[in-house]
Amino acid sequence: MTHPRSVDSTDARLLMALNAEPRATTLALAERARLSRNTVQSRLARLEKGHALRPFERRVDPAALGYPVRAFIMTNLRQRELDAVGVALAQIPEVVEVHGLSGVADLLIQVVARHVEDLYRIAGEILAIDGVERTTTGLVMREMVDFRVSPLLEELAGDTT
């Protein structure tokens, strides 16, 4: 399945500048991306409206909030219950992300916990949701490659800096 490109090389330069200095003013972003201030303003508005820019909360480290334990829970469920399970998962504060999968599991759920006993409680809450049939929990031991899009932006921008 192909999607029309919503970010062009100019947008990529702007996003690289924003990534380098998230608190930069519009004028500073314009200078760094070699664009006019008006171009920066209109492109940022379009990127926000088109959901190319995600919420700020993705930058907040749960460990700084007292949740240093992170795990991924692969979940199998009754297919007809998918929507209801999603609603129930959204009610668990420690569930920070849920992805629908194809393959060996139906959902990949990222959770955070205060300690391993807390993780056990959270995994139990997920397993108790009506429609969830089986879970497998993997504790994150270390992060080897942090979430990133910079290499993709650099490629799109034609920039090797």
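1. The count of aromatic pairs in this structure comes to 0. The structure is a predicted model, and the points below should be read accordingly. A ring does, however, take part in another kind of arrangement: R58 lies over the face of F147, at 5.1 Å from the ring centre. This placement satisfies the criterion for a charge over a ring, since CZ of Arg has to be within 6 Å of the ring centre.

2. R58 and F147 also appear in the description of the largest pocket. Together with R54, P55 and R59, they are the lining residues that lie nearest the centre of this pocket. The lining comprises 46 residues in total, and the volume of the pocket is about 2200 Å³.

3. Which elements each supply at least two residues of the lining of the largest pocket? They are the helices α1 (9–20), α3 (37–49) and α6 (150–157), along with the strands β1 (69–77), β2 (95–100) and β3 (107–113). The largest share comes from α6, with 5 residues. By residue class, the lining divides into 27 nonpolar, 14 charged and 5 polar residues.

4. R43 merits a separate remark. This arginine is found in helix α3 and has a relative accessibility of 19%. R43 therefore counts as buried, the limit for that class being under 20%. Apart from neighbours within four places in sequence, R43 is in contact with D8, T10, D11 and L14. Of these partners, T10, D11 and L14 fall within the range of α1 (9–20).

5. Two residues call for attention on account of their backbone. Most residues other than glycine have a negative phi. R34, although not a glycine, has a positive phi of about 60°. R34 lies in the loop between α2 (26–33) and α3, and at 62% relative accessibility it counts as exposed.

6. The second case is H51, with a positive phi of about 65°, and again the residue is not a glycine. H51 is placed in the loop between α3 and β1. Its relative accessibility is 65%, so H51 counts as exposed.

7. Is V7 buried or exposed? V7, whose place is in the segment before α1, counts as buried because its relative accessibility is 14%. Leaving aside neighbours within four places in sequence, its contacts are with A12, L15, L47, A52 and L156. Among these, A12 and L15 fall within α1 (9–20), L47 within α3 (37–49) and L156 within α6 (150–157). The relation to the end of α6 can also be stated as a distance: V7 and A157 are 150 residues apart in sequence and 9.7 Å apart in space, C-alpha to C-alpha.

8. V104 is found in the loop between β2 and β3. With a relative accessibility of 71%, V104 counts as exposed, the threshold for that class being over 50%. Beyond neighbours within four places in sequence, V104 is in contact with M74 and N76, and both of these positions fall within β1 (69–77). A71 lies in the range of β1 as well; the C-alpha atoms of V104 and A71 are 18 Å apart in space, with a separation of 33 residues in sequence.

Definitions and conventions:
Residues numbered from 1 in each chain as written. Predicted model: local features only at pLDDT ≥ 70, side-chain atom pairs only at ≥ 80, totals over all residues. Heavy atoms only, no water. 1 Å grid on protein atoms, 1.4 Å probe; cavity = no way out; pocket = protein on both sides within 12 Å on 5 of 7 lines; lining within 4 Å. Points joined across faces, edges and corners; volume = space filled by probe spheres on them. Helix = DSSP H or I, 4+ residues; strand = E, 2+ residues; numbered from the N terminus. Nonpolar A, V, L, I, M, F, W, Y, C, P; charged D, E, K, R; others polar. Phe/Tyr/Trp six-rings, centres within 6.5 Å; stacked < 30°, edge-to-face > 60°. Lys NZ or Arg CZ within 6 Å of the ring centre and 35° of its normal. Buried < 20%, exposed > 50% of the residue type's maximum accessible area, 1.4 Å probe, protein only. Contact = heavy atoms within 4.5 Å.
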